[in-house]
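Colleague: I should be grateful for a close look at a single part of this model, explained for a first-year student. Please place that part within the whole chain as well.

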Amino acid sequence: MGGAIYKDAPAIKYEERNIYLNSIQTLGRLPPTRPVTLHQKALFILWLSVILIWSCLKCKRYISMWRDKYGTKKEGDEVETATKEKDNVLISLYPVTKHEPSVSRFGRGDATEESTGTRSIFEKLLETDPDQPSFEEFLTKAVIFGAIMLYFWLCDYQHVWPKTNKQYSRDIFVFLFALLVIVAAVYTTRKTPEKLVNRDQTEEWKGWMQVQFVWYHYFDAHEVFNSIRCYIAAYVWMTGFGNFSYFWIKKDYSLFRLLRMMFRLNFLVVMVMAVTRNEFVRYYVCAMHTYWFITVYVMLAVFKSRNENRYFMAAKFVVYLVVNALIFDIPGAPYVVFWPFQFILNVRGNLRYWVYRSTLDHWATWVGMLCAYNYPYIDRFLHFLDKKHENRRTAQVAILLKIWITVALFGVLVMWFHFVLMQEREYYKIIHPYTSWIAILIYLWFRNLHPSFRSHYLGLFSWLGKITLETYLSQIHIYMIGNAQKILIYLPRYPMLNFMLATVIYVAVSYVLFHQTLFFNTYIFPKNMAIICKNLIVGTVWLGLCYLLSFIFNIVVIW
């Protein structure tokens, strides 16, 4: 918790905080948004064209299967006798060798087969890489994805479902989260290789933070605002830590990696903002992750051949720190630096919202990269503290050192909680960029304090942590509506049953969107630049034709 918890007025009447009365008194509908935009019309036409092509391919497949099953059977009966007679007298002049076609990782037997004969332009357009899904699979996923986007549009643009105002109850908020933690600990505790800040652990971390982040919005829990800011800082810290670790270990600074990462971060955002008519920076978490990912990429990719030099890397960290301070810590500087990108970053015609959001966590990425760079030393230090020492004196020193560090950090945590986290909201926002890393590093110490902590994780939160991007975007449009200011209602007058049903739908849709996005990423960006260029050209032309058709409909006032 955080914020002004102790300032909660106990004298507020129960009726004013009763979610049941609130669900009745504030039940209503938001008016549908108008007009239907050019982007929405173009995307709808695109979806219809996908359905048409998908239906044609399915029909063609079923007709071929029907002909193979019934047509060939009749012909086979007529020629069966003659064929047998010929087979008995014909002698092959050459031995025939049967080659088994290799199978790609998508189960297609065309990984090594070469096409023969003249292919049509359509067949060339459908050509895919052996490790790429088929075009028919792509169309199937696109049909499902379009249906989900249509649901987003109906929920938060046409407002087909009723709404109620949000209602906060600390009792319900804490109860639900505590119950989820207990269920996760009892039923979903899993083992993982013992490793400092391993992947399962970071996914678990993202998962439980995301639950509180989403419910903070759903229940309008303003009193935990300061804590939620720390969670956002932790996400940004992981952007620095995770991407630095990847580039440092893999040394993959290719355009392919950059394109895939940018697509993963922004594809769903662009689709949702077009469908719901929102600005890009309204989804500020995605915008921030994109920016900080680019900064990590640039830092390591520039003079990458000298990254092994410790002094050169120290200089890089210093340069990053100075540039970051010049951009975000000098009043007015962010407006100058980001002015060329205002067509992307503007909200209501100015950069104020982007500057506010990005400044709040502008040191978390740098701290994350610093931790990733020093990871081997920290890992060795922890193993020194945990391993069994033959020398008794060394063993005592290790135990005392761990106890001393733990007690000291606990003391720092208590001071941080009292003098930082519990401050008023406006003052906290000022000190947050320079203090959030304290809580992050202390959490990491306690989470990795013992080998058994590092070798276990909560599977439920780890699963939720994998779909944080999708749950972040979906909450705004199918869990809540009206710019996340109202609660979407499926079951009027039953707030808790509605909460249950809405949560199931919301999480299920987010899970599907996660896999859809990964699939599209694999299809559009296989490890073949020729196929990537073809996909981008075909996609641009296809989408351009949909926009042209939508524009014509607008001119002639057909739609």
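Modeller: The account below turns to one helix, and then to the chain around it. The model is a predicted one. The helix is α8, which covers residues 255–276. A simple check of its length is possible: α8 has 22 residues, and at 1.5 Å a residue these should span 32 Å. The C-alpha atoms at its two ends are 31 Å apart, so the expected and the modelled spans agree. The helix nevertheless has a kink of about 40°, and this kink is centred on asparagine 266. Beyond the end of α8 comes arginine 277, which has a positive phi, near 60°.

On the arrangement of side chains along such an element, a general rule is helpful. An α-helix makes one turn every 3.6 residues, so residues three or four places apart point the same way.

As for the setting, the protein chain contains 22 helices and 5 strands. Three strands form an open sheet in the order β1-β5-β4, and their pairing is antiparallel. At its edges lie β1 (163–165) and β4 (480–481), each of which pairs on one side only. Between β1 and β5 (residues 486–488) there are 3 bridges; one residue pair is threonine 164 with isoleucine 487 of β5.

For the chain as a whole, 45% of the 559 residues count as buried. Of the contacts between residues at least 6 apart in sequence, 82% link residues at least 24 apart. The exposed area of the chain is about 31100 Å², with 67% of it supplied by carbon and sulfur atoms.

Key:
Residues numbered from 1 in each chain as written. Predicted model: local features only at pLDDT ≥ 70, side-chain atom pairs only at ≥ 80, totals over all residues. Heavy atoms only, no water. Helix = DSSP H or I, 4+ residues; strand = E, 2+ residues; numbered from the N terminus. Expected span 1.5 Å × (residues − 1). Bend = angle between axes of the 7 residues up to and from the residue. Buried < 20%, exposed > 50% of the residue type's maximum accessible area, 1.4 Å probe, protein only. Contact = heavy atoms within 4.5 Å. Areas by Shrake-Rupley, 256 points an atom, 1.4 Å probe, with all protein chains shown as cover. Pairing = 2+ DSSP bridges.
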